[in-house]
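I opened my notebook for a first look at a new fold. My plan was to go strand by strand, then turn to rings, charges and one odd backbone angle.

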Amino acid sequence: MKKVFFALAFLSASLGGVAETVGDVSTTFKLLSPNDKVVVEVFDDPDVAGVACYLSHAKTGGYKGALGLAEDTSDASVACRQIGPIAFKGKIAMQDEVFNARTSFLFKHVRVVRMVDRKRNTLVYLVYSDKLIDGSPKNSVTAVPVPAAQPIPLK
């Protein structure tokens with residue numbers, strides 16, 4: 001039993017992203033349990049200094065939500081911005097996942113993928129939700145232009 005518990009704890013920790021909560025707003029009122037919310041979080045691109053991404057997503061309340069057993073909806077939006085001088089920490093892939101967070105007990109995640117638009121020297125960020133069997137086509141996209149004099153170092 002202990003092995004199963006530690007495996008689940010490790011799996012949950014390894015699937016989560018590193019983000020700070022900026023704030024949230026309630027979307028429904030529940031008298032005796034937590035409300036459903038829209039949460040806004042921010043994370044820094046792990047490979048590109050000077051770029052931060054703001055992610056909004058639904059968080060299911062109620063008793064299941066409070067216990068971490070609810071499945072959040074696939075509604076999410078992302079806005080990435082240059083917040084300082086852009087500096088690459090090394091060569092980056094043409095497409096790479098830069099953030100993921102669990103949105104159900106085990107099988108559903110919200111993911112942010114960074115893509116490179118080489119022709120326009122721009123970083124493009126896409127947020128979407130996936131599920132083990134059936135994901136969602138709901139998505140959002142944003143872009144951060146890199147100064148023309150600073151080529152994006154690709155792998």
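**Entry 1: the open sheet.** Before reading the sheet I wrote down one rule: two strands pair if DSSP finds at least two bridges between them. I also noted that this is a predicted model. With that rule in hand, I found an open sheet of four strands in the order S1-S2-S3-S4, with antiparallel pairing. Which strands stand at the edges? They are S1 and S4, and each has a single partner strand, so one side of each is left without a neighbour in the sheet. I also looked up the twist: on average, neighbouring strands of this sheet are turned by 15 degrees against each other, direction ignored.

**Entry 2: counting bridges.** Next I followed the pairs one by one. S1 and S2 are joined in the antiparallel sense over six bridges. As an example to find on screen, I picked Ser-26, whose bridge partner in S2 is Lys-37. S2 and strand S3, residues 48-59, are also antiparallel, over eight bridges. There I picked Asp-44, which has Ala-52 as its bridge partner in S3.

**Entry 3: how covered is S1?** I wanted to know how many buried residues strand S1 holds. The count is zero among its seven residues, 20-26, and the strand is hardly covered.

**Entry 4: a nonpolar patch.** On the surface I came across a nonpolar patch of about 290 Å², made by Val-22, Tyr-54 and Ile-83. I followed Ile-83 a little further and found it in strand S4, residues 76-88. Is Ile-83 buried or exposed? Its relative accessibility is 54%, and exposed means over 50%, so Ile-83 counts as exposed.

**Entry 5: aromatic rings.** I then searched for paired rings, and the count came to one aromatic pair. The partners are Phe-43 and Phe-99, and they are stacked, with 4.6 Å from centre to centre and 10 degrees between the planes. I checked where they sit: Phe-43 is in strand S2 (residues 37-44) and Phe-99 in strand S5 (residues 95-102), 56 residues apart, and the pair links distant parts of the chain. Both Phe-43 and Phe-99 are buried.

**Entry 6: salt bridges.** I reminded myself that side chains of opposite charge can pair when their charged atoms come close. A search of the whole structure gave seven salt bridges, and I looked up a few of them.

Arg-111 was a good place to begin. It forms a salt bridge with Glu-97, with the closest N and O atoms 3.0 Å apart. Arg-111 lies in strand S6 and Glu-97 in strand S5, so the pair ties together parts that are 14 residues apart in sequence. Arg-111 counts as buried at 15% relative accessibility, whereas Glu-97 counts as partly exposed at 34%. Arg-111 also meets Asp-130 in a salt bridge, at 2.7 Å from N to O. Asp-130 lies in strand S7, so this pair ties S7 to S6 across 19 residues of sequence.

Then I turned to Asp-96, which forms a salt bridge with Arg-114, the closest N and O atoms being 3.9 Å apart. This pair links distant parts of the chain too, with Asp-96 in strand S5 and Arg-114 in strand S6, 18 residues apart. How covered are the two partners? Asp-96 is partly exposed, with a relative accessible area of 30%, while Arg-114 is buried, with 0%.

**Entry 7: a network.** Which residues are joined into one network by salt bridges that share partners? They are Asp-45, Asp-47, Asp-96 and Arg-114. I placed Asp-45 in the loop between S2 and S3, where it counts as buried at 2% relative accessibility. One more distance went into the margin: the C-alpha atoms of Asp-45 and Cys-80 are separated by 9.0 Å, although the two are 35 residues apart along the chain.

**Entry 8: an odd angle.** Most residues other than glycine have a negative phi. Asn-121 made me look twice, with a positive phi near 50 degrees. I found Asn-121 in the loop between strand S6 (108-117) and strand S7 (122-131). Is Asn-121 buried or exposed? At 14% relative accessibility, under the 20% cut-off, Asn-121 counts as buried.

Methods:
Residues are numbered from 1 along each chain as its sequence is written. This is a predicted model: local features need pLDDT of at least 70, side-chain atom pairs count only at pLDDT 80 or more; totals for chains, interfaces and linings use all residues. Side-chain values use heavy atoms; hydrogens and water are left out. Helices (H or I, at least four residues) and strands (E, at least two) are DSSP runs, numbered from the N terminus. Buried means under 20% relative accessible area, exposed over 50%, partly exposed in between (1.4 Å probe, protein chains only). Rings of Phe, Tyr and Trp (its six-membered ring) pair if their centres lie within 6.5 Å; planes under 30 degrees apart count as stacked, over 60 as edge-to-face and the rest as tilted. Patches are made of residues with over 30% relative accessible area and no salt bridge: like charges are joined within 9 Å, nonpolar side chains (Val, Leu, Ile, Met, Phe, Trp, Tyr) within 5 Å. Accessible areas come from the Shrake-Rupley method with a 1.4 Å probe; for residues, only the protein chains shown count as cover. A salt bridge is a side-chain nitrogen of Lys or Arg within 4 Å of a carboxyl oxygen of Asp or Glu. Axes are lines fitted to C-alpha atoms, for helices over the stretch in contact, and angles run from 0 to 180 degrees between N-to-C directions.
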